[in-house]
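Please take a moment with the sequence and the model shown below before reading on. The paragraphs that follow move from the overall layout to individual helices and then to particular side chains.

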Amino acid sequence: MTRDPWLDYSTSDLLMAYSKDPIAKYAMEVFDISQTQSNTVCGDEVTVYLKIKKWKIVERSRDGSIEMQTTAAASMLWEVIQWEDIQTILTRDYQYIKHLWLELSPRRRRSGVTALLATRNAIHQWLGDNVIEGYEDLL
């Protein structure tokens, strides 16, 4: 059995690695839906851009003014949600982020789900279901 190399990294190592080399950090010019989410606790603001085809995210990006924890969590999320069914993404929450090896302190958990919250709200907007979720839905 092969050992998962990510198990050798601490949370702070992962935060540093993903924040120094963020994934899909740009403002997409052509997209199906975008959503901006603000975290009033720390002042982060992230905008996500999604292309959705056949109920799957086929391309995603994000831009904004965000701190290290938000950048790292968004990058980790971007690695796994592309090509994932949007109904599955709507079930993702902080426990999922934690499962991705990113255990955050209670005061940083909002930062860890900001990009996910923006993504879920963008999907709701794309679906036209009139649902707007908040941090309490993901924490």
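Which pattern of helices and strands does the protein chain follow when it is read along the sequence? In this predicted model, the order is α-β-β-β-α-α-α-α-α, made up of 6 helices and 3 strands. Of the 139 residues in the protein chain, 46% are buried. Among the contacts that join residues at least 6 apart in sequence, 60% are between residues at least 24 apart.

A good place to begin is helix H5, which covers residues 109-127. With 19 residues at 1.5 Å a residue, H5 should span 27 Å, and because its end C-alpha atoms are 27 Å apart, the expected and modelled values agree. That agreement in length goes together with a bend of about 35° at Ala 115, so the end-to-end value should be read alongside the expected span of 27 Å rather than in place of a look at the helix axis. Since 14 of the 19 residues of H5 are buried, the helix is largely enclosed by the rest of the structure. Just after H5, Gly 128 takes a positive phi of about 70°.

Helix H2, residues 68-81, invites the same kind of reading. H2 has 14 residues and reaches 20 Å from its first C-alpha to its last, close to the 20 Å expected at 1.5 Å a residue. It is mostly covered, with 11 of its 14 residues buried, and the buried residues include Gln 69, Thr 70, Ala 73, Trp 78 and Ile 81. Following H2 comes Trp 83, whose phi is positive, near 75°.

Within H2, Ala 72 has a relative accessibility of 0% and therefore counts as buried. Ala 72 and Met 16 are 56 residues apart in sequence, yet their C-alpha atoms are 7.5 Å apart in space.

Where do H5 and H2 meet the rest of the chain? Ser 111, a residue of H5, counts as buried because its relative accessibility is 3%. Setting aside residues up to four places away in sequence, Ser 111 touches Asn 39, Cys 42, Asp 44, Glu 67, Gln 69, Thr 70 and Ala 73; among these contacts, Gln 69, Thr 70 and Ala 73 are also buried residues of H2.

The nonpolar side chains can be considered next. In soluble globular proteins, nonpolar side chains tend to be buried together. Here the largest nonpolar core has 29 residues, and those with the most contacts inside it are Leu 50, Ile 57, Trp 78 and Ile 123. At least two residues of this core are supplied by each of E2, H2, helix H3 (86-89), helix H4 (94-99), H5 and helix H6 (135-138), and the largest share, 6 residues, comes from H5. Ile 57 shows how such a position is surrounded: leaving aside neighbours within four places in sequence, Ile 57 is in contact with residues including Leu 50, Ile 52, Ile 81, Trp 83, Ile 86, Ile 89, Thr 119 and Ile 123.

Aromatic rings add another kind of link, and the structure holds 2 aromatic pairs. In one of them, the rings of Trp 55 and Trp 126 have their centres 5.2 Å apart and their planes at 85°, so the pair is edge-to-face. Because Trp 55 lies in the loop between strand E2 (44-53) and strand E3 (56-65) while Trp 126 lies in helix H5, the pair ties together parts that are 71 residues apart in sequence. Trp 55, at 44% relative accessibility, counts as partly exposed, and Trp 126, at 31%, counts as partly exposed as well.

Charged side chains also meet rings in this model. The charged end of Arg 92 sits over the ring of Tyr 96, 3.8 Å from its centre, and the charged end of Arg 110 sits over the ring of Tyr 135, 3.8 Å from the centre of that ring.

Finally, is Glu 133 buried or exposed? Glu 133 is found in the loop between H5 and H6, and at 14% relative accessibility it counts as buried. Its contacts, not counting residues up to four places away in sequence, are Leu 117, Arg 120, Asn 121 and His 124. The C-alpha atoms of Glu 133 and Arg 120 are 7.7 Å apart in space, with their places 13 residues apart in sequence.

Conventions. Residues numbered from 1 in each chain as written. Predicted model: local features only at pLDDT ≥ 70, side-chain atom pairs only at ≥ 80, totals over all residues. Heavy atoms only, no water. Helix = DSSP H or I, 4+ residues; strand = E, 2+ residues; numbered from the N terminus. Expected span 1.5 Å × (residues − 1). Bend = angle between axes of the 7 residues up to and from the residue. Buried < 20%, exposed > 50% of the residue type's maximum accessible area, 1.4 Å probe, protein only. Phe/Tyr/Trp six-rings, centres within 6.5 Å; stacked < 30°, edge-to-face > 60°. Lys NZ or Arg CZ within 6 Å of the ring centre and 35° of its normal. Contact = heavy atoms within 4.5 Å. Core = buried A, V, L, I, M, F, W, Y, C linked by side-chain atoms within 4.5 Å.
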